[in-house]
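Okay, thanks everyone, let's get going. I'll put the model up, and then we can walk through it together.

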2 protein chains.
Amino acid sequence: MEIVEVSPRDGLQNEAVHVSTADKIALIERAIASGLRRIEATSFVHPAAVPQMADAEAVMAGVPRRADVSYSGLVLNRRGFDRAVAAGVDEVNCVVVASETFSLRNQRMSVADSVQTVRDLVDDARAAGVGVSVTIATAFGCPFEGEVPESAVLALASQVAELGVGEIALADTIGVGVPAQVARLVAGTAAAAPGTRLRCHFHNTRNTGYANAIAAIDAGVTVLDSSIGGIGGCPFAPDATGNIATEDLVYLLDRSGIASGARLPELIEASDWLGGVLGAPVPGQLARAGGFPG
Amino acid sequence: MEIVEVSPRDGLQNEAVHVSTADKIALIERAIASGLRRIEATSFVHPAAVPQMADAEAVMAGVPRRADVSYSGLVLNRRGFDRAVAAGVDEVNCVVVASETFSLRNQRMSVADSVQTVRDLVDDARAAGVGVSVTIATAFGCPFEGEVPESAVLALASQVAELGVGEIALADTIGVGVPAQVARLVAGTAAAAPGTRLRCHFHNTRNTGYANAIAAIDAGVTVLDSSIGGIGGCPFAPDATGNIATEDLVYLLDRSGIASGARLPELIEASDWLGGVLGAPVPGQLARAGGFPG
């Protein structure tokens with residue numbers, strides 16, 4: 001099982017507390033020290049839209065460079081892509097949205113335009129030696145439209161796969177998904193995007209995130225996003241918890257006999273440290289409860 | 001899917017805040033108004049051991065009596081059984097422990113003696129028209145011994161089933177279980193206790209509770225314990241969350257197309273109300289996040 005550590009990007013982007021560049025780099029160093037090897041380090045979006053990510057270039061300039069660690073940057077357009085490549089990311093994470101309303105409000109472009117954005121980048125990414133992963137947002141439900149037809153998600157997955165991207169992710173942006181839905185969507189996406197690696201991105205907003213992670217694994221998904229501390233609450237549900245917590249996921253994987261390469265003691269230390277930086281307890285529970293006794 | 005609402009007993013018993021008898025009865029009334037029909041109302045243990053449950057008789061005297069609502073009382077010995085029957089419970093919930101150390105510390109008797117306690121009650125329960133459900137505690141791990149051999153759990157299930165009880169529950173007392181373990185233990189228990197109804201009792205201490213609930217359902221379990229608000233933290237992990245929350249479980253079931261008879265809007269109201277009674281936010285997330293949008 002491969003874990004993409006998203007705390008530096010999806011985890012921090014909605015935090016009210018300003019986190020210094022040095023602390024972001026320290027978080028990434030702690031993730032690496034915990035055995036994590038694939039890290040969504042930052043987001044190359046307009047600083048006015050996401051002030052927490054205004055130091056994207058500085059973060060990338062400060063992270064340790066190792067042959068066995070891969071850094072991803074979120075990009076939503078050509079400008080962001082050029083910045084990400086110049087900053088030396090190993091891969092870009094592009095976003096398309098399964099719901100038209102969310103796409104217009106969050107990305108400020110139609111779904112078709114967001115697919116076109118990816119299309120315009122793929123060749124240049126290949127030429128630059130940069131991987132492309134595409135996240136399908138609101139795949140399990142939309143805060144504005146409610147139900148998102150599975151047919152719409154699968155059609156989008158098919159369109160994106162035809163662009164020749166390396167990986168497609170199904171994202172439960174607002175944490176509404178349940179395991180049965182995960183099983184259906186993963187099977188459908190595997191059929192709609194044959195040969196493309198599948199990743200899943202779950203939020204634990206309604207306490208279904210870890211059940212969904214297990215359902216994704218059972219359905220054949222080999223890459224999961226998670227964030228140390230489980231930070232990353234959705235702006236549409238301000239008090240709700242965020243991404244599934246890396247330390248809680250690793251406990252679940254370890255006890256299930258599924259190897260991830262990540263180590264719980266270091267993750268718990270990192271989670272405690274991150275709570276200190278943010279000045280509030282994190283949603284992840286392993287740091288409070290401790291691992292399996294004995 | 002049948003839900004046993006355990007907030008009045010397992011939920012409240014470790015709460016530091018003293019909850020009045022009137023509020024306990026109000027909680028039970030709210031559970032019933034939410035469509036719940038099987039309620040663990042109280043515990044008939046020594047008041048010095050669990051002060052929060054000292055008003056067991058008063059609670060049972062005050063709950064609404066309806067033909068479609070069943071009340072359970074936890075009993076650990078003959079004295080408790082006699083009190084429960086006199087108070088008019090519909091069923092008793094007895095506890096045996098899969099780990100000898102936990103049994104000695106928590107029940108103050110050996111595992112064999114706790115099985116003997118159940119044996120001594122079964123005939124009288126039948127004569128009194130009172131159902132007997134037996135919960136196997138620490139079935140997924142023990143705070144003192146760590147790993148609990150599955151063979152020990154299954155041997156205990158077999159012994160208990162031979163007593164002719166109506167239902168056996170596998171309880172993850174300290175919230176350490178994972179879905180693969182649930183699948184193995186449920187299948188093993190079904191084989192060891194043929195014809196006995198199976199119930200599962202999960203705590204969300206390490207964020208595995210809802211994944212375990214789904215695993216139990218997939219393995220054929222038809223009865224799950226949960227508590228409104230997700231209250232019921234374990235004394236061995238003071239800051240960790242408690243039982244799986246009824247409202248979060250019902251969201252998960254509803255969205256999975258599994259009928260439980262419980263209604264989310266009333267459960268969310270009850271959860272909010274309970275947080276007010278306890279003076280602290282409850283661990284359940286549905287009351288904060290809201291149901292599926294739209």
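Before I count anything, a quick word on the term: I call it a salt bridge when a side-chain nitrogen of Lys or Arg is within 4 Å of a carboxyl oxygen of Asp or Glu. And please keep in mind that this is a predicted model.

So, how many salt bridges are there between chain B and chain A? The count is two. One of the contacts across the chains joins B:Glu147 to A:Arg255, where the closest N and O atoms are 2.6 Å apart.

Let's stay with the interface for a bit. On the chain B side, 36 residues are in contact with 36 residues of chain A. Together the chains bury about 2,900 Å², and 59% of that is on carbon and sulfur atoms. If you're wondering who supplies it on chain B, look at B:Arg206, B:Asn207 and B:Gln285: they give 23% of the area that chain B buries against chain A, more than any other three residues. Why do I say that the copies meet through the same surface? Because 100% of the interface residues of chain B are also interface residues in chain A.

Now the symmetry. To put chain B on chain A you rotate by 180°, with 0.0 Å of shift along the axis, and the RMSD comes out at 0.0 Å. The two copies are therefore related as by a two-fold rotation axis. If you want to find that axis on the screen, go to B:Ala211: in chain B, its C-alpha is the nearest to the axis, 1.9 Å from it.

Okay, back to salt bridges, but now in the whole structure. Searching over all chains gives 36 of them. Let me pick a few.

In chain A, the side chains of A:Arg199 and A:Glu167 meet at 2.7 Å, N to O. A:Arg199 is in strand β7, residues 197-202, and A:Glu167 is in strand β6, residues 167-172, so this salt bridge ties together parts that are 32 residues apart in sequence. Both of these residues, A:Arg199 and A:Glu167, are buried. They also belong to something wider: a network of salt bridges links A:Glu2, A:Arg38, A:Glu91, A:Glu167, A:Arg197, A:Arg199 and A:Asp225.

Over in chain B, B:Glu167 forms a salt bridge with B:Arg38, and the closest N and O atoms there are 2.7 Å apart. This one links distant parts of the chain, with B:Glu167 in strand β6, residues 167-172, and B:Arg38 in strand β2, residues 38-43, 129 residues apart. Buried or exposed? B:Glu167 and B:Arg38 are both buried.

Another one in chain B pairs B:Glu150 with B:Arg184, with 2.9 Å between the closest N and O atoms. B:Glu150 is in helix α7 and B:Arg184 in helix α8, residues 179-192, so here the tie is between parts 34 residues apart in sequence. B:Glu150 is partly exposed, with a relative accessible area of 27%, and B:Arg184 is partly exposed as well, at 45%.

Right, on to the rings. Over all chains there are four aromatic pairs. One of them is B:Phe102 with B:Phe144: the centres are 6.0 Å apart, the planes are at 35°, and the pair counts as tilted. B:Phe102 lies in helix α5, residues 100-107, while B:Phe144 is in the loop between β5 (131-137) and α7 (150-162), so the pair ties together parts that are 42 residues apart in sequence. B:Phe102 is buried, with a relative accessible area of 3%, whereas B:Phe144 is partly exposed at 29%.

And B:Phe144 has another partner: the charged end of B:Arg105 sits over its ring, 4.1 Å from the centre. In chain A, A:Arg105 lies over the face of A:Phe144, also at 4.1 Å from the ring centre.

Last stop, A:Glu57. You'll find it in helix α3 of chain A, residues 56-62. A:Glu57 is partly exposed, with a relative accessible area of 32%. What does A:Glu57 touch, not counting residues up to four places away in sequence? The contacts are A:Phe44, A:Arg83 and A:Ala87. From A:Glu57 to A:Gly88 it is 31 residues in sequence and 8.9 Å in space, C-alpha to C-alpha.

That's my tour, over to you.

Conventions
Residues numbered from 1 in each chain as written. Chains lettered and ligands numbered in written order. Predicted model: local features only at pLDDT ≥ 70, side-chain atom pairs only at ≥ 80, totals over all residues. Heavy atoms only, no water. Phe/Tyr/Trp six-rings, centres within 6.5 Å; stacked < 30°, edge-to-face > 60°. Helix = DSSP H or I, 4+ residues; strand = E, 2+ residues; numbered from the N terminus. Buried < 20%, exposed > 50% of the residue type's maximum accessible area, 1.4 Å probe, protein only. Lys NZ or Arg CZ within 6 Å of the ring centre and 35° of its normal. Least-squares fit on C-alpha atoms with pLDDT ≥ 70 in both. Contact = heavy atoms within 4.5 Å. Buried area = accessible area lost by both parts, 1.4 Å probe.
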